[in-house]
Amino acid sequence: MEDLKRGGIAVIDFGSQYTQLIARRIRELGVYSEVYAHDGSVKHINQHEPAGYILSGGPASVYETDAPQLPAFIRDSEIPVLGICYGMQLLTEAIGGVVGPARTREYGPAIITHRARSPLFDGLAADLRVWMSHGDRIETLPPGFSALAESDNCPYAAIGDLRRNRYGLQFHPEVQHSPQGQAILNNFLFRICRCQSNWSAENFIQDAVDKIRAQVKGERVLLALSGGVDSAVAGALIHRAIGERLTCIFVDHGLLRQGEAKQVVQVFRREQGMDLIAVNAVETFLNALDGLTEPEAKRKIIGKLFVDVFSEQARRLRGFRFLAQGTIYPDIIESAADSKSAKTIKSHHNVGGLPRDLHFELVEPLRDCFKDEVRKIGAALGLPEAIVWRQPFPGPGLAIRCLGALTWERLEKLRAADAIFTDELETAGMLRKGTAQSFAVLLPVKSVGVMGDKRSYEEVLVLRSVTTEDFMTADWARLPYDLLARVSARIVNEVAGINRVTYDITSKPPGTIEWE
């Protein structure tokens with residue numbers, strides 16, 4: 001994939017919640033982009049010979065003592081640079097401008113006006129609606145720069161040194177609240193950096209197939225197949241590369257959604273023709289989880305048992321040198337290994353903690369891909385829509401959506417209610433458009449109701465549906481009242497043991513998307 005990566009954009013992360021979104025927006029335009037810690041090594045950041053740098057926003061103020069600084073090699077580089085919010089202020093401060101606290105902070109929508117001709121705004125209307133989020137402002141421009149755009153509260157909403165191809169934006173072009181933001185990024189990529197548009201699902205597939213074959217040669221590969229979209233697409237990609245030398249292990253722990261275990265076997269063994277070993281470990285998992293209510297305890301038990309069951313199967317098979325996983329780019333984007341300050345958010349190995357006697361080399365064909373790219377690759381590989389567009393699902397499965405003690409009866413109750421919610425969203429055309437993730441949560445709480453003129457005392461179900469660009473922040477989906485009414489009526493009538501349905505209207509933050 002080196003050819004696809006070369007000549008792309010290096011996004012330098014200064015702590016913005018939107019950093020991943022910048023990289024995704026660039027890739028949507030067909031150009032490879034990778035995120036790097038601001039204190040990463042020159043060699044690491046320049047490994048793919050980028051055609052441009054984008055400096056992300058961040059929570060700091062450039063005049064603070066411990067604020068992240070602009071790497072000297074970027075300051076002295078002749079490669080085009082675009083600074084966004086904090087990145088713009090950092091670029092200004094590093095080359096001789098002055099930044100200070102703004103008299104009026106600017107958070108939310110704003111109208112900017114650009115009058116000076118520049119390639120950054122080429123082809124765009126004079127007045128643009130954008131999204132601001134800053135408490136500092138540029139007071140004095142650095143040498144060689146001029147103002148390119150202004151707003152009522154910000155005389156330097158965009159700046160540029162057109163001779164050296166250095167630009168800054170006080171607003172965030174990467175968010176959907178800046179409608180012409182993608183056009184601005186397009187101009188930076190193709191008019192200023194002269195990038196080539198060659199990053200696509202089709203090009204990625206051929207390149208990944210070649211790389212898988214080169215890595216594993218004639219060896220066999222073992223895949224931990226969860227049934228989720230990431231491992232499914234990884235499996236389809238590896239199967240295209242090496243065919244029958246791929247063996248998949250699917251562990252059914254009884255915590256999947258309705259019909260998923262059967263669907264995995266149907267799709268991958270029968271339709272895709274893969275060598276699939278399906279392990280029924282439902283009783284093992286439920287016995288181990290019996291009586292547990294604390295979510296972190298559930299997670300640890302499930303993680304350990306999965307490793308134990310998987311390892312037992314791997315020992316029986318023997319002769320496998322490589323282990324394949326559905327690791328994707330957000331799992332490893334922190335780049336902590338090359339950063340002095342970045343902290344690892346989570347381990348990116350899907351099957352972590354394998355016993356010492358199992359010595360595998362990892363095959364992770366999707367480690368450079370975002371989730372939306374994984375879906376495009378899966379569709380291009382011919383996987384069914386039901387797999388490619390499967391709703392996001394946590395590793396511990398329904399164990400953290402069935403709050404309180406787990407029993408088969410409660411899990412079945414939750415599965416049935418969740419399936420009704422999904423079905424109604426699909427029928428309304430809102431499962432993919434208008435929502436990003438939707439699911440049901442069963443509470444260990446009972447409420448009084450009246451059903452058939454009789455008193456009932458049964459469990460409470462919560463519906464959760466969110467909209468989000470990157471899953472780092474999210475807002476609750478404004479589902480139509482009629483849709484919610486249909487879902488509620490069907491659940492209390494069709495699912496025994498539930499007599500009250502509620503809808504979660506908490507955003508992230510302060511809440512999280514999952515309940516546990």
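In this predicted model, the lining of the second largest pocket draws at least two residues from each of helix 9, helix 14 (385–388), helix 15 (408–427) and strand 15 (437–451). Helix 15 gives the most to this lining, with 5 residues. The second largest pocket holds about 420 Å³ of space. Its lining comprises 19 residues, and those nearest the centre of the pocket are Glu260, Ala386, Arg390, Thr422 and Leu431.

Two of these central residues, Glu260 and Arg390, recur in the surroundings of Arg257. Arg257 is placed in the loop between strand 11 and helix 9. With a relative accessibility of 11%, Arg257 falls under the 20% limit and therefore counts as buried. The side chain of Arg257 makes a polar contact with the side chain of Glu260 at 2.8 Å. The Arg257 side chain also reaches the backbone oxygen of Gln391, at 3.1 Å. When neighbours within four places in sequence are left aside, the contacts of Arg257 are Arg390, Gln391, Pro392, Phe393, Leu398, Arg401, Arg415 and Asp418.

**The five-stranded sheet**

Strand 11 also belongs to an open sheet of 5 strands, which has the order 12-11-10-13-14 and parallel pairing. Strand 12 (275–280) and strand 14 (361–363) are the edges of this sheet; each has a single partner strand, so one side of each is left without a neighbour in the sheet. From one strand to the next, the twist averages 25°.

Within the sheet, strand 10 (residues 221–224) and strand 11 (residues 246–252) run parallel and are joined by 4 bridges. Ala224 stands opposite Ile249 of strand 11. Helix 11 (residues 295–317) packs on the sheet, where it touches strand 10, strand 11, strand 12 and strand 13 (322–324). The direction of helix 11 makes about 145° with that of strand 11. Helix 9 (residues 260–271) lies across strand 11 and strand 12, and runs at about 165° to strand 12.

**Strands 1, 3 and 4, and helix 5**

Parallel pairing is also found around strand 3 (residues 52–55). Strands of a sheet pair through backbone hydrogen bonds, either parallel or antiparallel. The table sets out the strand pairs with their bridges and one pair of facing residues for each.

| Strand pair | Bridges | Direction | Facing residues |
|---|---|---|---|
| Strand 1 (residues 9–13) and strand 3 | 4 bridges | parallel | Ile12 and Leu55 |
| Strand 3 and strand 4 (residues 81–84) | 3 bridges | parallel | Ile54 and Leu82 |
| Strand 10 (residues 221–224) and strand 11 (residues 246–252) | 4 bridges | parallel | Ala224 and Ile249 |

Which way do the residues of strand 3 point? Gly52 and Ile54 point one way, while Tyr53 and Leu55 point the other way. Residues pointing in either direction are buried.

Helix 5 (residues 86–94) is largely enclosed by the rest of the structure, because 7 of its 9 residues are buried. The buried residues are Tyr86, Gly87, Met88, Gln89, Leu90, Leu91 and Thr92. Gly96 follows helix 5 and has a positive phi, near 110°.

**The cavity**

How many cavities of 30 Å³ or more does a search of the whole structure find? The search finds 1. The largest cavity contains about 50 Å³ of space. Its lining consists of Lys5, Gly8, Ile9, Ala10, Tyr32, Glu34, Tyr36, Ile45, His48 and Pro50. Strand 1 and strand 2 (33–37) each supply at least two residues of that lining. Strand 1 thus has a place both in the cavity lining and in the parallel pairing with strand 3.

**Val130**

Val130 is placed in strand 6 (residues 127–140). Its relative accessibility is 2%, so Val130 counts as buried. Not counting residues up to four places away in sequence, Val130 touches Gly108, Pro109, Ala110, Ile112, Phe171, His177 and Ser178. Val130 and Pro509 are 379 residues apart in sequence, and their C-alpha atoms are 23 Å apart in space.

Technical notes: Residues are numbered from 1 along each chain as its sequence is written. This is a predicted model: local features need pLDDT of at least 70, side-chain atom pairs count only at pLDDT 80 or more; totals for chains, interfaces and linings use all residues. Side-chain values use heavy atoms; hydrogens and water are left out. Buried means under 20% relative accessible area, exposed over 50%, partly exposed in between (1.4 Å probe, protein chains only). Two strands pair if DSSP finds at least two bridges between them. Axes are lines fitted to C-alpha atoms, for helices over the stretch in contact, and angles run from 0 to 180 degrees between N-to-C directions. Contact means heavy atoms within 4.5 Å. A polar contact is a pair of N or O atoms within 3.5 Å; within protein, one must be able to donate a hydrogen and the other to accept it, and residues adjacent in sequence count only if both atoms are side-chain atoms. On a 1 Å grid over the protein atoms alone, a cavity is a set of points where a 1.4 Å probe fits but cannot get out, and a pocket is an open set with protein on both sides within 12 Å along at least five of seven lines; lining residues have an atom within 4 Å of a point. Grid points are joined across faces, edges and corners, and a volume is the space filled by probe spheres set on the points.
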